[in-house]
Each structure stands twice: as C-alpha cells, then as structure tokens.
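Reader: I've got a model open and would like to talk it through. Can we go over what the coordinates show, one question at a time?

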Amino acid sequence: MPPEHAEAVESSSVTAPSALPSGGLSEGLVVGIDSGGSGLRVALAGAADGTVLGVRASREPVPTGPGGISARHFLGQVLPAVAALVEPHGARPLLAVAVGAAGMATLGDELRAELPGALAGAWGVRRLALAADAVTAYAGALGQRPGAVVAGGTGMVALGTDLASWRRADGWGHLLGDCGSGAWIGRAGLEAAMRAYDGRRGGSAALLARAEKMFGPVAGLPGALYPRPDRPAVLASFAPEVGRCAERDPVAADILVRAAGHVAEAAEAVCPAGPGALVALTGGVFKMGDPLLVPLRTALRERLPHAGVTEPAGDPLAGAVTLASALATGTLRLPGDAALLHLHGA
C-alpha cells in the first residue's frame with residue numbers, strides 16, 4: 001500500500017462485533033475488508049471473539065474496468081496491508097476473510113473469480129465471504145439478527161433478512177430512485193428554489209437564497225450541474241441546507257417529511273414480518289438530526305409497528321469482521337446469495 005495513501009488506525013476506531021464462541025480457535029485470526037468510493041479499509045481481528053487488533057486504511061478507491069471491480073488493484077492494496085497487520089502476531093494462522101465492496105452485486109465478477117485462489121495462495125485461507133457493501137452495513141449495524149437496515153448517504157438502499165433470504169429495496173440511483181437520499185433531498189430543495197425564482201407555487205425563498213449562496217445565480221445552475229459526472233454528490237451537498245431551513249420554512253420541512261416517508265417505505269418493503277425484527281439507520285443523511293429523524297420515527301411507527309428501531313452497533317468494516325469471525329467459527333447465520341453474499345469454503 002503506497003505510503004501516501006496508507007495509514008495505521010488504532011483498534012478502538014472500529015466497533016467490534018459481539019463475541020462469538022471460541023470453538024478452539026483462540027489463536028486464529030480473521031480479516032475484514034471494506035472497499036468503497038472513499039477508499040479501502042482492512043481490519044485484522046481475533047477469530048474467536050472478533051476483537052479488532054489493528055486497521056490499515058487507504059484513501060485510494062479500487063477502480064472498475066471491463067471485468068468490473070479490478071481484482072489486481074484490489075490485491076495490490078490488500079496483500080501488503082494484511083502483511084503489515086499480521087507481522088506483529090507471529091505464526092497465528094489466518095482462518096477466514098470477508099470482503100464488503102460497493103458494486104459487488106453487479107460489478108463483482110472479477111473479484112468472485114480471482115480472489116478465492118489468490119487469497120488461498122497468499123495466506124492459505126479457504127473460507128472467504130464476498131459481500132455487497134449493503135450486507136456488511138447490515139452485519140455491522142444488526143449483526144446476525146433479523147430485521148432491516150437502511151443505508152442513506154448520497155444514495156439510498158434498504159436491505160432486510162429473516163435469516164432465510166435477503167430482500168432489497170431501492171438503491172436504483174438518483175435518476176430512477178434513491179428516494180429520501182441526500183441527492184433526492186438536495187434535488188427537491190433546488191427544485192423549490194427554482195420555483196421561487198420563477199414565481200411558481202411550491203417555491204421557497206429561503207432555499208433560493210441558500211442555493212444562490214452555494215452555487216451563484218440559479219439561472220446558470222442547469223448548465224453547470226447537468227454535465228457533471230458527480231451530479232448526485234452535488235445534489236446531495238444541498239441536503240444540509242434543506243435541513244437548516246426546515247425549522248422555519250414549511251416547504252423545506254415538507255421535503256423532509258416526504259423523504260422520511262420514502263425511507264420508511266423502503267424499510268417496510270424489506271423488513272421481515274413478526275415480532276422481534278429490528279430496523280437500523282446508517283449513513284450520513286441521518287446525521288441531519290431532528291428535522292429528518294422526527295418525521296422518520298413517526299413514519300416507521302406507522303408502517304412497522306411490530307419492529308423496534310435501534311442504533312447501528314457498528315459500521316461496514318465491523319460488519320466485514322463479523323462475517324469473517326462467523327465463517328471461522330462456523331456460526332454464520334446470514335443467508336448466502338449469489339450476488340449479495342457469495343461464500344467459499346463455508
């Protein structure tokens with residue numbers, strides 16, 4: 001891992017999964033990997049209890065090519081990172097690896113084809129889980145319990161399981177879905193700004209003022225926004241302005257009420273029926289706080305009265321460690337799936 005991109009992270013920066021039975025594997029180690037648009041993180045943990053022993057992080061995202069996510073680039077970052085993490089632990093064996101990657105479901109063919117052999121050759125590892133990042137977000141938030149996790153940032157996706165199969169809702173991108181996401185909220189806020197500029201109903205003078213402060217004269221916004229390849233991120237950058245206006249501006253407040261309804265609909269679509277299910281919300285859009293969370297809690301109570309809403313226990317890296325520890329100890333309860341959770345040697 002190039003030094004300009006890599007950094008060591010203290011163990012305490014990652015929430016470890018709940019302890020698992022040791023099964024005589026007290027000396028074994030596992031690796032959890034979280035790969036996404038903001039870079040890559042690798043955690044080394046004890047196999048028996050999932051205690052995180054160290055983390056390496058890279059700010060360089062793994063690129064995609066004709067075969068999808070690049071296995072060569074992925075291994076070029078991961079192999080030296082794991083070697084550095086394992087070195088202080090002598091001859092303790094690596095028993096399992098779990099990889100969570102953005103785009104794994106649709107762009108993971110190359111990883112699924114090449115990683116099992118490459119990791120077995122490098123470390124002798126036979127147990128491997130290749131998961132969509134929504135699955136590691138789920139495992140980090142709820143562990144191996146039935147329920148639903150809604151991951152909301154620039155985009156929005158909901159994933160749920162009854163421990164027999166997975167259900168997914170939304171995550172279709174800012175043109176076809178991602179309803180209630182940062183991009184959706186930002187776009188709705190900018191639409192309200194444009195309505196105010198035109199003098200149409202449904203406009204917000206407060207959001208118009210915020211838009212012009214951020215982007216300049218709004219008449220030039222379409223020409224500046226439409227050609228940009230990072231258009232969803234630009235739209236999402238306006239979502240916090242909607243939140244700031246919501247307390248005093250009814251149009252902004254209504255946008256967040258509608259966003260909350262979309263998030264609750266996605267959770268309802270994937271959450272298993274029956275008592276005991278849990279719902280967790282994870283991702284940056286929920287850091288907006290009460291302007292979004294108050295109507296969202298109301299919407300979740302109305303749509304999922306049988307489910308409890310809980311704080312996520314950990315992040316997607318913690319989820320990858322949870323999967324790896326469960327593989328090593330033979331306690332994996334989350335269901336396999338050809339696209340979402342591909343298992344080798346389990």
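Author: Sure. A salt bridge here is a side-chain nitrogen of Lys or Arg within 4 Å of a carboxyl oxygen of Asp or Glu. Keep in mind that this is a predicted model.

Reader: Okay, what is the N to O distance between the side chains of Asp254 and Arg258?

Author: Both residues sit in helix α10 (residues 250-270), four residues apart, or about one turn of the helix. Asp254 is partly exposed at 38% relative accessibility, and Arg258 is partly exposed too, at 39%. Their side chains meet in a salt bridge, and the N to O distance is 3.2 Å.

Reader: Which residues are joined into one network by salt bridges that share partners?

Author: Side chains of opposite charge can pair when their charged atoms come close. A network appears where salt bridges share partners, and here that joins Asp34, Arg41 and Asp315.

Reader: How many salt bridges does a search of the whole structure find?

Author: The pair Asp254 and Arg258 is a salt bridge, and Arg187 with Glu191 is another, at 3.2 Å, N to O. Searching the whole structure gives a total of 13.

Reader: Back to Arg187 and Glu191: about how much of a helix separates them?

Author: Arg187 is partly exposed, at 36% relative accessibility, and Glu191 is partly exposed at 30%. The two are four residues apart in helix α5, so the separation is about one helical turn.

Reader: And Arg210 with Glu241, how many residues apart in sequence are the parts that this pair ties together?

Author: Their side chains meet in a salt bridge at 3.0 Å, N to O. Arg210 belongs to helix α6 (residues 205-215) and Glu241 to helix α9 (residues 239-245), so the pair ties together parts whose separation in sequence is 31 residues.

Reader: Is Glu241 buried or exposed?

Author: Its partner Arg210 is partly exposed, at 30% relative accessibility. The cut-off for buried is under 20%. Glu241 comes in at 12%, so the label is buried.

Reader: Let's move to the pocket. Which helix gives the most to the lining of the largest pocket?

Author: The largest pocket holds about 1,400 Å³ of space and is lined by 50 residues, with Gly36, Gly37, Ala102, Gly103 and Asp133 nearest its centre. Elements that each supply at least two lining residues include β2 (29-36), β3 (39-46), α4 (133-142) and α8 (231-236). The top contributor, with four residues, is α2.

Reader: How many charged residues are in that lining?

Author: The lining has 22 nonpolar residues and 19 polar ones. That leaves the charged group, which numbers nine.

Reader: What about the surface: which residues form a nonpolar patch with about 440 Å² of accessible area together?

Author: One member lies in the loop between β11 (166-170) and α5 (182-198), namely Trp172. Trp172 is exposed, with 56% relative accessible area. The full patch is Trp172, Leu175 and Leu176.

Reader: Last one: how far apart in space are Ala318 and Ala45, C-alpha to C-alpha?

Author: Ala318 is in helix α12 (residues 316-329). With a relative accessible area of 3%, under the 20% cut-off, Ala318 is buried. Along the sequence, Ala318 and Ala45 are 273 residues apart, while in space the C-alpha to C-alpha distance is 10.0 Å.

Key. Residues numbered from 1 in each chain as written. Predicted model: local features only at pLDDT ≥ 70, side-chain atom pairs only at ≥ 80, totals over all residues. Heavy atoms only, no water. 1 Å grid on protein atoms, 1.4 Å probe; cavity = no way out; pocket = protein on both sides within 12 Å on 5 of 7 lines; lining within 4 Å. Points joined across faces, edges and corners; volume = space filled by probe spheres on them. Nonpolar A, V, L, I, M, F, W, Y, C, P; charged D, E, K, R; others polar. Patch = residues over 30% accessible without salt bridge, like charges linked within 9 Å, V, L, I, M, F, W, Y side chains within 5 Å. Areas by Shrake-Rupley, 256 points an atom, 1.4 Å probe, with all protein chains shown as cover. Buried < 20%, exposed > 50% of the residue type's maximum accessible area, 1.4 Å probe, protein only.
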